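Student: I should like to understand how the terms used for a structure follow from its values. May we work through one together?

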Amino acid sequence: MGQGGAINWIDLTVPDAERVREFYETVAGWKSDPIEMGGYSDYVMSPRGGGASAGICHKRGPNADLPSVWLVYIAVANLQESLRQCKELGGSIVNEPRVMGDGKFAVIQDPAGAICAL
């Protein structure tokens, strides 16, 4: 999933992904590429000239409990160890580990209340 500490992905999970997709296409000038999710599509958003991408996802199924925030995904060497340290240092696990591609991720909240994925 990448080098430890690197931000590997950013996405936004919202109740109405189509509306928000259209918003960012207009406001940010992004183009969208749909990804079939089994009855609906999420979207990979990217600059029209190419470059880094982000996702806009529906708040459904396994994403139903995710907050509507731009969520950064930070690569870690050992997810279970990072989750243990998160709790030990006053953070919490918002969304338990689940499979994504070739790896797993979990959503955490730091002691200040900020959310990210590992």
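Student: Why is Ser46 called buried?

Tutor: In this predicted model, Ser46 has a relative accessibility of 8%. Buried means under 20% relative accessible area, so Ser46 counts as buried.

Student: Where does Ser46 lie, and what is it in contact with?

Tutor: Ser46 belongs to strand S3, residues 41-47. Apart from neighbours within four places in sequence, Ser46 is in contact with Trp30, Lys31, Gly51, Ala52 and Ser53. One of these, Lys31, is also the bridge partner of Ser46.

Student: How do you know that strand S2 and S3 pair?

Tutor: Pairing requires at least two bridges between two strands. Seven bridges join S2, residues 30-36, to S3, so the two strands meet that requirement. They run antiparallel and form a hairpin with four residues between them. In the turn, Gly38 has a positive phi of about 85°.

Student: Which strands pair with S1, and in what sense?

Tutor: S1 pairs with S5 in the antiparallel sense over five bridges. With strand S4, residues 54-58, S1 pairs in the parallel sense over four bridges. Among the residues involved, Ile7 has Ile74 as its bridge partner in S5, Leu12 stands opposite Trp70 in S5, and Val14 has His58 as its bridge partner in S4.

Student: What makes the side chains of S5 alternate?

Tutor: The term describes the faces to which they point along residues 70-74. Leu71 and Tyr73 point to one face and are buried. Trp70, Val72 and Ile74 point to the other face and are not buried.

Student: Why is Asp16 called partly exposed?

Tutor: Its relative accessibility is 35%. Buried means under 20% and exposed means over 50%, with partly exposed in between, so Asp16 counts as partly exposed. Asp16 is found in the loop between S1 and H1. Its C-alpha atom is separated by 21 Å from that of Cys116, and the two residues are 100 residues apart along the chain.

Student: Why is Gly91 called buried?

Tutor: Gly91 has a relative accessible area of 15%. The cut-off for buried is under 20%, so Gly91 is buried. Gly91 lies in the loop between H2 and S6. Leaving aside neighbours within four places in sequence, Gly91 is in contact with Cys86, Gln109, Asp110 and Pro111. Gly91 and Gly113 are 22 residues apart in sequence, and their C-alpha atoms are 8.1 Å apart in space.

Student: Which residues make up the largest nonpolar core?

Tutor: It has eight residues in all: Leu12, Val14, Ala17, Val20, Tyr24, Tyr43, Met45 and Ile56. Strand S1 (7-14), helix H1 (17-27) and S3 each give two or more residues to this core. The largest share, three residues, comes from H1. A second, separate core of seven residues includes Cys86, Ile108, Cys116 and Leu118.

Student: What does Met45 touch?

Tutor: Not counting residues up to four places away in sequence, Met45 touches Arg21, Tyr24, Glu25, Trp30, Lys31, Ser32, Ala52, Ser53, Ala54 and Ile56. Tyr24 and Ile56 are, like Met45, members of the largest nonpolar core.

Student: How are the elements of the protein arranged along the chain?

Tutor: There are two helices and eight strands. From the N terminus on, the elements run β-α-β-β-β-β-α-β-β-β.

Student: Why is the protein called as compact as a globular protein of its length?

Tutor: The radius of gyration is 15 Å, and the globule rule gives 13 Å for 118 residues. The two values are close, so the protein is as compact as a globular protein of that length. Its C-alpha atoms fill a box of roughly 45 × 30 × 25 Å, taken along the principal axes. Buried residues make up 36% of the 118 residues.

Student: What confidence does the predictor give to the protein?

Tutor: The average pLDDT is 92, and 97% of the residues score at least 70. Among the elements, helix H2 (residues 79-88) has the highest mean pLDDT, 98, and strand S6 (residues 92-100) the lowest, 92. Where pLDDT is low, predicted coordinates should not be read in detail.

Conventions:
Residues are numbered from 1 along each chain as its sequence is written. This is a predicted model: local features need pLDDT of at least 70, side-chain atom pairs count only at pLDDT 80 or more; totals for chains, interfaces and linings use all residues. Side-chain values use heavy atoms; hydrogens and water are left out. Buried means under 20% relative accessible area, exposed over 50%, partly exposed in between (1.4 Å probe, protein chains only). Contact means heavy atoms within 4.5 Å. pLDDT is the predictor's confidence in each residue, from 0 to 100. The radius of gyration is taken over C-alpha atoms; the globule rule is 2.2 Å times the number of residues to the power 0.38. A nonpolar core is a set of buried Ala, Val, Leu, Ile, Met, Phe, Trp, Tyr and Cys residues joined through side-chain atoms within 4.5 Å.
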